[in-house]
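Please find below some notes on the model, set out as numbered points. They move from the core to individual helices and loops.

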Amino acid sequence: MADDKKTSLRTIDSVLQLLGTLGRYQLLQAVLLSIGNLTVCFHLLNFVFIAQPVKQQCVVTPLYGNDTNTDYGKCEVSVRNTTTNVTSSHACSAWTYDMPKDHSIVSEWDLVCGNDFLGRLPQSLFIVGQGIGAATVSVMSDKFGRKPFLVMSHVLTAGAGLALAFAPNIAAFSALRLVNGIFQQGIVVTTITMGMEEFPMNRRVEVSTVFALWWSICAILLTGTAYLLRDMHWRTLQLSFVSVSTLVFFQIIFLGESLRWLITNKKSKKAFAIFKRAAKINNIDVSNVSLPGIGTEEPPVELNSAESKYVGTPSEKQTEVVKYNCLDLVRTKFMLQMSGVVWVSWLVDSLTYFSLYLTSSSLHDDFYLNFLLNSLAEVPAGPLYWYVGRRWGRRIFFMSFHTLAGTCLLLATVVKALAGGPVALTSATILAFIGKVGNTACFNGMFAYTPEIYPTNLRSVGMGSGSTAGRVGGMIAPFVSLLAAQIPWAPGTIFGMACLVTAALNYQLPEAEGRELPQKIEDIKAWDKTPARG
């Protein structure tokens, strides 16, 4: 760069390109943000292990006299008087279990028989909490900054998780799971948003792919931790899961604020400090460079280096700070249409994902191996999004894999309903598995795509609104098993048709491939009028 003239980068993407597409600073930020995935995984999926299903038997109690034959079942005691030959049933008041009583909240608090619904209540409240958090607390990230809100969410989530280990009863446990879900969602929204903002447009797909793969690895690590501590008290297991939250101290010390958020919101001093710190770590001289829209009085000049292809030509208005609120998601026809499709996609993907997980047959009889195999089934999601999303675009990706999921689920339903025998069962299982891969790819892809299509000061709100729609699907999912018991073919038909309808709606989505993250709503509208950059 010329020493006699100060160079002002025209776009925030050009700032990230100058700092290095995969510079040491960006890699450091990616590693620090990955702590969020690890924490969320251990707080979200831990319930599977601390609330393991148990097999119970009524406790044998000699209360019915010597002239009776007593049959102790799972929930009732059947007593037949040998003299009168009259049989009576009595509700069980105590149980024995196939595992030590303190290994699961189900056995410790006797959440079986008439109280079995209480065993599912904490997880339902956790999903409700996620919906509340996505719809409310996520707006704080857009208003006050990414890092403060992320750190706060980590601390509060850890506090709620720690309290869970000392819950005296199921009522307190359920209430704490609700709080845990609210603040855990703050980690989800902010981590994904910062992950998209820390990297330039030509690396966002790779970042989302790594995040998806890291989620699968976290689930595998969770399985290993639970297996190694399988003979411990569930409270000890909960404490071990919460301990991963101590990694937030690395975020407090080393994680930088989103440079994109700082520039957009005219935080000049902080933006320059982060910019110089990143340049120093990446060993880049930026002494004669000013940031776009702040701290420069001279007109911007074109870069004549390799970075020049990333320099845009925004108007003067693009340097203005644009404030939005939740109503801007639906204020105009354009935003209402885009947000509506996003919300439908989140709801259908979440409903299908969790319903398939809850209603599918076990892949193996071993509880831990079954969870591990389900985790491994999600591994293809990230690479599929990377390959298809970058080669043919996000819109083609969602249309294709929603179609794949819908078609396979419908075919699996037809095969199971009309055919019989081991061959038909195997074929239906394979089709359902392929449908699950397609659904998982879309569900994971939505986490990466949603932040790409909302402007900076509406990004967390947009992400939170989509996640809220997803939580609605998650809340409906547990009831699908009741429908399946009455009409076996109904769930697959509903999921298949819903995925196909969503595929058609996805045609209305804006194409984010080759586009810098938008600063304003007008930037998104202009995508169809300007060519994408490679």
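1. Contact is taken here to mean heavy atoms within 4.5 Å. With that in mind, and bearing in mind that this is a predicted model, F173 is in contact, once its neighbours within four places in sequence are left aside, with F47, I50, I105, W109, P122, L164, A167 and W234.

2. F173 and I105 are the residues with the most contacts inside the largest nonpolar core, which has 90 residues. Helix α2 (residues 24-44) supplies the largest share of this core, namely nine residues. Apart from this core lies another, of 12 residues, including W261, A271, A278 and V286. In soluble globular proteins, nonpolar side chains tend to be buried together.

3. As for the chain overall, the protein has 22 helices and seven strands, and 52% of its 534 residues count as buried. Among the contacts in the chain with a separation of 6 or more, 77% are accounted for by residues 24 or more positions apart.

4. How much of α2 is buried? Of the 21 residues of this helix, 17 are buried, so α2 is largely enclosed by the rest of the structure. The end C-alpha atoms of α2 are 31 Å apart, which agrees with the 30 Å that its 21 residues should span at 1.5 Å a residue.

5. Helix α7 (residues 146-164) has 19 residues, and the distance from its first C-alpha to its last is 27 Å, close to the 27 Å expected at 1.5 Å a residue. The buried residues in α7 include the nonpolar F149, L150 and V151 as well as R146, K147 and H154. L164, which is also buried in α7, is one of the residues in contact with F173.

6. Helix α13 (residues 268-281) deserves a paragraph of its own. With 14 residues, α13 reaches 20 Å from its first C-alpha to its last, close to the 20 Å expected at 1.5 Å a residue. Its residues A271, I274, F275, A278 and A279 are buried. Seen down the axis of α13, the buried residues fall within an arc of 130°, so they line one face of the helix. An α-helix has 3.6 residues a turn, so residues three or four places apart point the same way. The face of α13 turned away from the buried side carries the exposed residues K269, K270, K276 and K280.

7. Within α13, F275 is buried, with a relative accessible area of 1%. F275 and L259 are 16 residues apart in sequence, and their C-alpha atoms are 7.3 Å apart in space. Two other buried residues of this helix, A271 and A278, are among the members of the core of 12 residues.

8. Several backbone angles may be worth a reviewer's attention. Just after α13, N283 takes a positive phi of about 60°. K266, in the loop between α12 (259-264) and α13, has a phi near 60°, a positive value in a residue other than glycine; K266 is partly exposed, at a relative accessible area of 30%. D110, whose place is in the loop between α4 (105-108) and α5 (116-135), likewise has a positive phi, near 50°, and is a residue other than glycine.

9. What is the handedness of the crossing of α9 and α10? The axes of helix α9 (residues 204-228) and helix α10 (residues 234-242) come within 10 Å and cross at roughly 145°, and the crossing is right-handed. The contact is made by L222, T225 and A226 on the side of α9, and by L237, S240 and F241 on the side of α10.

10. Two further loop residues can be set side by side. M99, in the loop between β6 (95-97) and α4, counts as buried at 18% relative accessibility, whereas Q508, in the loop between α21 (490-505) and α22 (521-525), counts as partly exposed at 40%; the cut-off for buried is under 20% relative accessible area. Leaving aside neighbours within four places in sequence, M99 is in contact with Q52, P53, V54 and S104, and the C-alpha atoms of M99 and V54, 45 residues apart in sequence, are 7.3 Å apart. Q508 touches Q337 and V341, residues up to four places away in sequence not being counted, and its C-alpha atom is separated by 9.8 Å from that of V342, 166 residues away along the chain.

Methods: Residues are numbered from 1 along each chain as its sequence is written. This is a predicted model: local features need pLDDT of at least 70, side-chain atom pairs count only at pLDDT 80 or more; totals for chains, interfaces and linings use all residues. Side-chain values use heavy atoms; hydrogens and water are left out. Helices (H or I, at least four residues) and strands (E, at least two) are DSSP runs, numbered from the N terminus. The expected span of a helix is 1.5 Å times one less than its number of residues. Buried means under 20% relative accessible area, exposed over 50%, partly exposed in between (1.4 Å probe, protein chains only). The arc is that of the directions from the helix axis to the C-beta atoms. A nonpolar core is a set of buried Ala, Val, Leu, Ile, Met, Phe, Trp, Tyr and Cys residues joined through side-chain atoms within 4.5 Å. Axes are lines fitted to C-alpha atoms, for helices over the stretch in contact, and angles run from 0 to 180 degrees between N-to-C directions. A crossing is left-handed if the near helix is turned anticlockwise from the far one by less than a right angle, and right-handed if clockwise.
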